[in-house]
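Reader: I've got this model open and a handful of labels I'd like explained. Can you walk me through them?

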Amino acid sequence: MAKHETPLLDQLESGPWPSFVSDLKFQAEKRAKNEEGIEFQMPVDVVEDLLGILELSFKHGRTHWKHGGIVGVFGYGGGVIGRYCDQPKNFPGVEAFHTMRVNQPAGKYYKTDYLKQLCDLWDFRGSGITNMHGSTGDIILLGTTTKQLEEIFWTLTHDMNQDLGGSGSNLRTPSDCLGQSRCEYACYDTNALVYFLTNEYQDELHRPAFPYKFKFKLDGCPNCCVASIARSDMSFIGTWKDDIRIDQDAVNKYVENDPAYPANAGAYKGSKDWGPFDLEKEVLGLCPTKCMKFQNKKLFIDNANCTRCMHCINVMPRALKIGKETGCSILCGAKAPILDGAQMGSLLVPFIEVNPDNDYEAITEVIENIWDWWMEEGKNRERLGELIMRQGFQKLLEVTGIDPMPQHVAYPRTNPYIFWKEDEVPGGWERDVDEYRKHHQR
Amino acid sequence: MSDLLDNKEAAQEAVVEWLNKKAKTKSKFYIKDFYKIFPDDKPRMIKKVVNKMVEDGILEFWSSGSTTMYGLKGGGIQHSSEGEN
Ligand code: HEM
Ligand code: SF4
Ligand code: SF4
C-alpha cells in the first residue's frame, strides 16, 4: 500500500510509453522490502515522499522545491545542487533532496562492476534514484542529505577513482561522443581531448570562475551525435581538409543494388519498402551544395564546394570515407532560451589541428582568449552566445585574433555601415596638411 | 597583479569590508561584483582569491544549480528564504 495516494501521477503510467512513475514506485517498494538489508542513510520512504510531493505539486500547479542552497563538498564550488522541499512535515523523506553531478567517463564507457558499485553507494547513502545521464552528460545521483555529501565524495574519489562534475558558474563537465574508439567517421580522438580538457581545466570545473555556466562538447564528425552544435558554448566538431576518399567500385555496387551494399548501412531496412536505391535522388540530389556528379560510372566530388555535411558518407559508407587530413571546427555560442532566444553555435574556426603532442596548444589558445573576454565583458548570467550577440561576432574575431573569412558569413550583410579602426587605415587618422595642400586648393 | 590582490590579508580584508558595507541591502554577490574592489586585476586572479576565501571559511557559495553567488559565511539568505532575508 502506497504511503501517499497519487491519482494524478498514476495517469502518467497509462499509454504505451515507459513511465518514470512506474520506476519510482518500483524503487519505493524495493526500499520498503530491503531484501539486501542495506543500512539506509536516507529515510526508507524517501521515494514515497518524492511521489507524494510531486503529486501535490501537480495538484497545486506549483513547485514545492525551494530554490538553491549552500551545499557542497570541501574545496569544491560545484557538483552538488542543493534542493530542499517546503513541505517537510508532510514529506520528511525529501526535506533535503540534493542532486550530485558525477563526471561521466569519456565516451560513457562503463564496466558492469563499476555500475554496481555506483548503485550500491547510492542505495546506501542516497535515494537510489539515478539519471543516466542528465542533459549535461553527467551521471546524476538524485536525492541525498547534506550529511552524506562528504562521505559520498570520499568513496567516489578514493574507492571508485571518480570525480564530481560541474554546476553553477563553473565549467561544466566536458562531454563527447565515443569517437575513434568505435566509430569509423571520427576525425579526431574525442575521448583523448575530453580527458585532456577535463584535467587541464580542473580549477574552472570545480570552482566558479565565470559570469554563468560554460560548456564544452565534442563530436568526432559533423553527424554531431552529442549535438554539440546546439548544446555547448564551445563545440568541437571533427572535420577534414582534403578530399573525401572514393572507392569507385563500391559506388557502383551501391548503384547496382548489390545486397552486400545496403544504403545507409541498412539502417532503415524493414521500416518500409524504400524501393531500389537511387544514387541520383538519394545522394546527389540531397547534397546540400550540389557538388557531386556521376558520369560514366564514375563519381566526382567538387571538394572545394563540399561542406562536409556527412550525408553522402552516411548513405554509402562502404564507398566513401572522410579525408585523411583531419582536425576539428570550433563553433561558439549555442544556448537554450533563458535570457534571449535559443541559439545554435556560430562557426569561429573552420579547421584547427587536434594535436595531443603539443597539448592541443592551438585549441587551448582559442579557449583562453574567449574566457578572458567573457570574464571581463560578460554581464552576470550572460552566456557567451549572448555576449557575441551584444558586442558582435567581429569582436569575437578580434579577441581571438582570427581573421574574418568567407566561412564566417551566414548571410549577406544587412548593416550598411562600416566603421574602420585607426590601425586598419593606411596612415591612420593623422594627415600632413601641407602635403594635402599641394594637390587641393583652399 | 596589483599590490592589494597580491597581499592575501589585505585583499581578504578589502573583500570583507566591502561585503559588510553592502550587508544592509544585499547578502549575495556575483563574482563580477568583486571586480570593483580590484579594478586593476584580471578576473582570473580575482576569482582565485575569492574562491580561496570560501575554502578558508570566510565566505560561502550560494548556488541555484545554474549560477553561483558569494556571501559572508552564515550571512543573509540561507536555503530557507526566498529573497526575503
Ligand atoms: C511534450 C513534453 C516534453 C518534451 C518534448 C520534453 C523534452 C525534453 C528534452 C528534449 C529534454 C532534454 C533531454 C536531454 O538532453 O537529456 C528534457 C529534459 C528534461 N525534462 Fe522534459 N520534456 C517534456 C515534458 C516534461 C515534463 C512533463 C517534465 C516534468 C514533469 C519534464 C522534465 C524534464 C527534466 C527534469 C529534464 C532534465 C533532465 C536532466 O537533467 O537530465 N519534461 N525534456
Ligand atoms: S559524432 Fe561522428 S564520430 Fe562521433 S559517434 Fe557520431 S558519427 Fe561517430
Ligand atoms: S559531404 Fe555533404 S556536401 Fe560534401 S559531397 Fe557529401 S553530401 Fe555533398
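**What the labels rest on**

Author: Sure; keep in mind that this is a predicted model. The shell around ligand 2 splits into 7 nonpolar, 2 polar and 1 charged residues.

Reader: What makes a residue part of that shell around ligand 2?

Author: A heavy atom within 4 Å of the ligand is what counts. Among those that pass for ligand 2 are A:Cys177, A:Cys183, A:Tyr185, A:Asp219 and A:Asn223.

Reader: Which residues pass for ligand 1?

Author: A:Asn131, A:Gly134 and A:Ser135.

Reader: How do you know that A:Asn131 has a polar contact with ligand 1?

Author: The cut-off is 3.5 Å between N or O atoms. A polar side-chain atom of A:Asn131 lies 2.7 Å from an oxygen of ligand 1, so the pair qualifies. A:Ser135 gets there through a backbone N or O atom, 3.1 Å from an oxygen of ligand 1, so that pair counts too.

Reader: And ligand 3, what surrounds it?

Author: There are 14 residues around ligand 3, and the closest include A:Cys287, A:Cys306 and A:Thr307. By class, that shell has 10 nonpolar, 3 polar and 1 charged residues. The space ligand 3 takes up is the largest cavity.

Reader: Over to the two chains. Why is A:Glu204 with B:Lys47 called a salt bridge?

Author: The limit is 4 Å from a Lys or Arg side-chain nitrogen to an Asp or Glu carboxyl oxygen. Here the N to O distance is 3.5 Å, so the name fits. The rule finds 4 salt bridges across the interface of chain B and chain A.

Reader: How many residues are in contact there?

Author: 27 of chain B with 36 of chain A. The two chains bury about 2,700 Å² between them, 50% of it on carbon and sulfur atoms.

Conventions:
Residues numbered from 1 in each chain as written. Chains lettered and ligands numbered in written order. Predicted model: local features only at pLDDT ≥ 70, side-chain atom pairs only at ≥ 80, totals over all residues. Heavy atoms only, no water. 1 Å grid on protein atoms, 1.4 Å probe; cavity = no way out; pocket = protein on both sides within 12 Å on 5 of 7 lines; lining within 4 Å. Sits in = over half its atoms within 2 Å of the grid points. Nonpolar A, V, L, I, M, F, W, Y, C, P; charged D, E, K, R; others polar. Contact = heavy atoms within 4.5 Å. Buried area = accessible area lost by both parts, 1.4 Å probe. Polar contact = N/O pair within 3.5 Å; in protein donor to acceptor, adjacent residues only side chain to side chain.
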